[in-house]
Amino acid sequence: MRIDVITLFPDMVRTVVEHGVVSRAANQGLLELKLWNPRDYTVDKHRTVDDRPYGGGPGMLMKVEPLRACIRDVRQHNPDAKLVYLSPQGKLLQQGLINQAAQQANLILLCGRYEGIDERLIQLEVDEEWSIGDYVISGGELAAMICIDAITRQLPGALGHEDSAQLDSFTNGLLDCPHYTRPEQVEGLKVPQVLLDGHHQQITDWRDKQALGRTWQRRPDLLQQLELDSRQQALLDEFIAETRASRSN
Ligand SMILES: C[S@@+](CC[C@H](N)C(=O)[O-])C[C@H]1O[C@@H](n2cnc3c(N)ncnc32)[C@H](O)[C@@H]1O
């Protein structure tokens, strides 16, 4: 997959391909990251990339002409890609959106800075707006890096067995189950016995039950979107009964 990022801080975004899973995927040729800086499209001697907002008020906006020239150049190099503006006003990023994006061959991410970009550029150049959550950060770079990381995890072959996404939260609409590694005891807290006994079906049942139970406890909204099969419903009923019994003891 090819991802082009338009950013005033390319060095910041580049770091996403320098570590871990994303770095491996880039080295394997699964991900190609291209960085474009609107500052390279300025024509004045100060290489100005910001401008004052009409109507006054605090803050600046990204300057229209260099940004638009940059966008047009990127589009020429990557004509089939959807252009996504990272914005707190965009569609909330969820696993489904990430999975869909990972099925595309190309994507362009536009990082805003200052108070953002001119509304007409959104109308003329942007295909979609994505938000990483209901809070405001200083620029789209961190949001773009989150997208790149989350999308890369979904590219076939990007995750080795040890990083498998199969158990990850949201993969099947549920939160992940709890995990344990050595030692068997930490300050008197023991690893659940079932994980030590080596019965694969019992381990699977325990993990599925914990995933269902955690989701019921922490994100009941996710459970409401699922149709549980009879095995899952029985596991969840057991979890609920056990939780209630332990509370009443
Ligand atoms: C300081 S913010 C501008 C926020 C804008 N004035 C608003 O309230 O909608 C600067 C840039 O950071 C990025 N940004 C901030 N919060 C974001 C979020 N929750 N999701 C995605 N991008 C965000 C956007 O690219 C935005 O243009």
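## Two domains, one chain

The domain assignment splits this chain in two: domain 1 covers residues 2-161, and domain 2 covers 185-248. Taken over C-alpha atoms, the centres of domain 1 and domain 2 sit 39 Å apart. Keep in mind as you look around that this is a predicted model.

## The overall build

Count through the chain and you'll find 10 helices and nine strands. The radius of gyration is 23 Å, while the globule rule gives 18 Å for 249 residues; the chain is well over that value, so it is more spread out than a compact globule. If you draw a box along the principal axes, the C-alpha atoms fill roughly 70 × 40 × 35 Å.

How much of the chain is buried? Of its 249 residues, 38% count as buried. The accessible surface comes to about 15000 Å², and carbon and sulfur atoms account for 47% of that. As for contacts with a separation of 6 or more, 75% of them join residues 24 or more positions apart. On the charge side, the chain has 27 positive and 36 negative charges, and the mean positions of these two sets are 3 Å apart.

## Helix H2 and its partner

Helix H2 runs over residues 20-27, and its buried residues are Val21, Val22, Ser23 and Ala25. What do the buried residues of H2 pack against? Their partner is helix H6, at residues 140-153. Just after H2 comes Gly29, which has a positive phi near 85°.

## A buried asparagine

Asn78 belongs to the loop that links helix H3 (64-77) with strand S5 (82-92). Is Asn78 buried or exposed? The cut-off for buried is under 20% relative accessible area, and Asn78 has a relative accessibility of 3%, so it counts as buried. Leaving out residues up to four places away in sequence, Asn78 touches Arg2, Asp4, Asn106, Leu107 and Ile108.

## The loop between S6 and H5

Two neighbours are worth a stop here, Tyr114 and Glu115. Tyr114 lies in the loop between strand S6 (106-111) and helix H5 (119-125), and Glu115 is found in that loop too. Tyr114 isn't a glycine, yet its phi is positive, near 55°. With 36% relative accessibility, Tyr114 counts as partly exposed.

Glu115, at 59% relative accessibility, counts as exposed. Which residues does Glu115 touch, not counting those up to four places away in sequence? They are Pro58, Gly59, Met60 and Leu61. There's also a pairing to look for with Met62: Glu115 and Met62 are 53 residues apart in sequence, but from C-alpha to C-alpha they are 7.7 Å apart in space.

## From H6 into S8 and S9

Further along, look for Pro183 in the loop between H6 and strand S8 (185-186). The peptide bond leading from Arg182 to Pro183 is cis, and its omega is near 5°.

Past S8, you come to Glu187, in the loop between S8 and strand S9 (189-190). Here's another residue that has a positive phi without being a glycine: for Glu187 the angle is about 45°. Glu187 has 81% relative accessibility, so it counts as exposed.

Definitions and conventions: Residues numbered from 1 in each chain as written. Predicted model: local features only at pLDDT ≥ 70, side-chain atom pairs only at ≥ 80, totals over all residues. Heavy atoms only, no water. Helix = DSSP H or I, 4+ residues; strand = E, 2+ residues; numbered from the N terminus. Rg over C-alpha atoms; globule rule 2.2 N^0.38 Å. Buried < 20%, exposed > 50% of the residue type's maximum accessible area, 1.4 Å probe, protein only. Contact = heavy atoms within 4.5 Å. Areas by Shrake-Rupley, 256 points an atom, 1.4 Å probe, with all protein chains shown as cover. Lys, Arg positive; Asp, Glu negative; His and termini not counted. Charge placed at Lys NZ, Arg CZ, Asp CG, Glu CD. Domains from an automatic or database assignment.
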